[in-house]
Amino acid sequence: MNLPIALPGDDAPAVAFDGARLTLRYDALDAYSRRCSADDAAVRALASHVVVDASVEQRPIYHGGPLATGPMVATYALAPKPSPTEQPKTRR
């Protein structure tokens, strides 16, 4: 499936999209800290989709010891944006 977004920069997150869920994976916490606000705004400004739910979590690393931190993952549930010419259906 075509990605609805391309995020620029050397520290840009890995982007995955399955048609309903967009995932941004930041390999470093500092990259997430620098980029999270701008990347979130870019996702919410998509012309083709609207955000219906969003979450952020830090994935654990099981082999890294007690101080190891995993990647930050932001997940967005998306729905297609209705076209401006689409009229609501009336109930009869």
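The exercises below, each with a worked solution, concern charged pairs and aromatic rings in a predicted model.

**Exercise 1.** Find how many salt bridges the structure holds, and determine which parts of the chain the pair D11 and R34 ties together.

*Solution.* Side chains of opposite charge can pair when their charged atoms come close. Counting such pairs through the structure gives six salt bridges. In one of them, the side chains of D11 and R34 meet with a distance of 2.9 Å from N to O, which lies within the 4 Å that a salt bridge requires. The next step is to place the two partners: D11 belongs to the segment before strand 1 (14–17), while R34 belongs to helix 1 (residues 29–44), so this salt bridge ties together parts that are 23 residues apart in sequence.

**Exercise 2.** Decide which residue of helix 1 also pairs with D11, and classify D11 and R35 as buried, partly exposed or exposed.

*Solution.* The side chain of D11 also meets that of R35 in a salt bridge, at 3.0 Å from N to O. Because R35 lies in helix 1 and D11 in the segment before strand 1, the pair ties together parts that are 24 residues apart in sequence. For the classification, buried means under 20% relative accessible area and exposed means over 50%. D11 has 26% relative accessibility and therefore counts as partly exposed, whereas R35, at 11%, counts as buried. R34, with a relative accessible area of 53%, is exposed.

**Exercise 3.** Describe the salt bridge between R25 and D27, and then name the residues that salt bridges with shared partners join into one network.

*Solution.* The side chains of R25 and D27 meet at 2.3 Å from N to O. R25 is partly exposed at 37% relative accessibility, and D27 is exposed at 62%. Turning to shared partners, the salt bridges join D11, D30, R34, R35 and D39 into one network.

**Exercise 4.** Work out whether the rings of Y26 and Y32 are stacked or edge-to-face, and whether these residues are buried or exposed.

*Solution.* A pair of aromatic rings is described by the distance of the centres and the angle of the planes. A search of the whole structure finds one aromatic pair, formed by Y26 and Y32, whose ring centres are 5.2 Å apart and whose planes stand at 75 degrees. Planes over 60 degrees apart count as edge-to-face, so the pair Y26 and Y32 is edge-to-face. Finally, both Y26 and Y32 are buried.

How values were computed. Residues are numbered from 1 along each chain as its sequence is written. This is a predicted model: local features need pLDDT of at least 70, side-chain atom pairs count only at pLDDT 80 or more; totals for chains, interfaces and linings use all residues. Side-chain values use heavy atoms; hydrogens and water are left out. Helices (H or I, at least four residues) and strands (E, at least two) are DSSP runs, numbered from the N terminus. Buried means under 20% relative accessible area, exposed over 50%, partly exposed in between (1.4 Å probe, protein chains only). Rings of Phe, Tyr and Trp (its six-membered ring) pair if their centres lie within 6.5 Å; planes under 30 degrees apart count as stacked, over 60 as edge-to-face and the rest as tilted.
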